[in-house]
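Notebook open. I wanted to look up how the core is packed and where the charged side chains pair up.

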Amino acid sequence: MDLPPVRPGLEFLEHAALVRRLLGPIFDYEQSQDGDLTRTLRTYLDSQRSWQKTAAALFAHRQTIIYRIRKIGELTGLDMGETSTVAQLWFALQIHEAMHQ
């Protein structure tokens, strides 16, 4: 079975759109406020969603991490307690990092 030809760059544009949809509100907030939400999110996901491990890794108070994770949920409109949300955000971060290497 032959697949239709894919235009060059189409996949990149689709990935960029996904990253923008999921992480865009976080990026926008960080530009307008003094926040470190992207780094917190990355560390939180790398720490198996442990607030305590994230706090230790970032040298921050546990309540600060809780606030930041809640802020991410508020900005994105996603429920940070849902596994599917966490998976989507993890995937978007992976794409974002791959696109900027």
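My entries on the core, one helix and the salt bridges follow.

Ground rules first: I'm on a predicted model, where local features need pLDDT of at least 70, side-chain atom pairs count only at pLDDT 80 or more, and totals for chains, interfaces and linings use all residues. Residues are numbered from 1 along each chain as its sequence is written, and side-chain values use heavy atoms, with hydrogens and water left out.

Core. I looked up the largest nonpolar core (buried Ala, Val, Leu, Ile, Met, Phe, Trp, Tyr and Cys joined through side-chain atoms within 4.5 Å) and got 22 residues, with Leu23, Leu41, Ile72 and Leu89 having the most contacts inside it. Helices H1, H2, H3, H4 and H5 each give two or more residues to this core (helices are DSSP runs of H or I, at least four residues, numbered from the N terminus). H1 gives the most, 7 residues.

Helix H5. I find Thr85, Val86, Leu89, Ala92, Leu93, Ile95 and His96 buried here (under 20% relative accessible area; exposed is over 50%, partly exposed in between, 1.4 Å probe, protein chains only).

Salt bridges. I count 5, taking a Lys or Arg side-chain nitrogen within 4 Å of an Asp or Glu carboxyl oxygen. Glu97 and Arg42 pair at 3.0 Å, N to O. Glu97 is in H5 and Arg42 in H2, so this pair ties together parts 55 residues apart in sequence. Arg42 is buried at 14%, while Glu97 is partly exposed at 31%. Lys71 and Glu74 also pair at 3.0 Å; they sit 3 residues apart in H4, about one helical turn. Shared partners join Arg42, Asp46 and Glu97 into one network.
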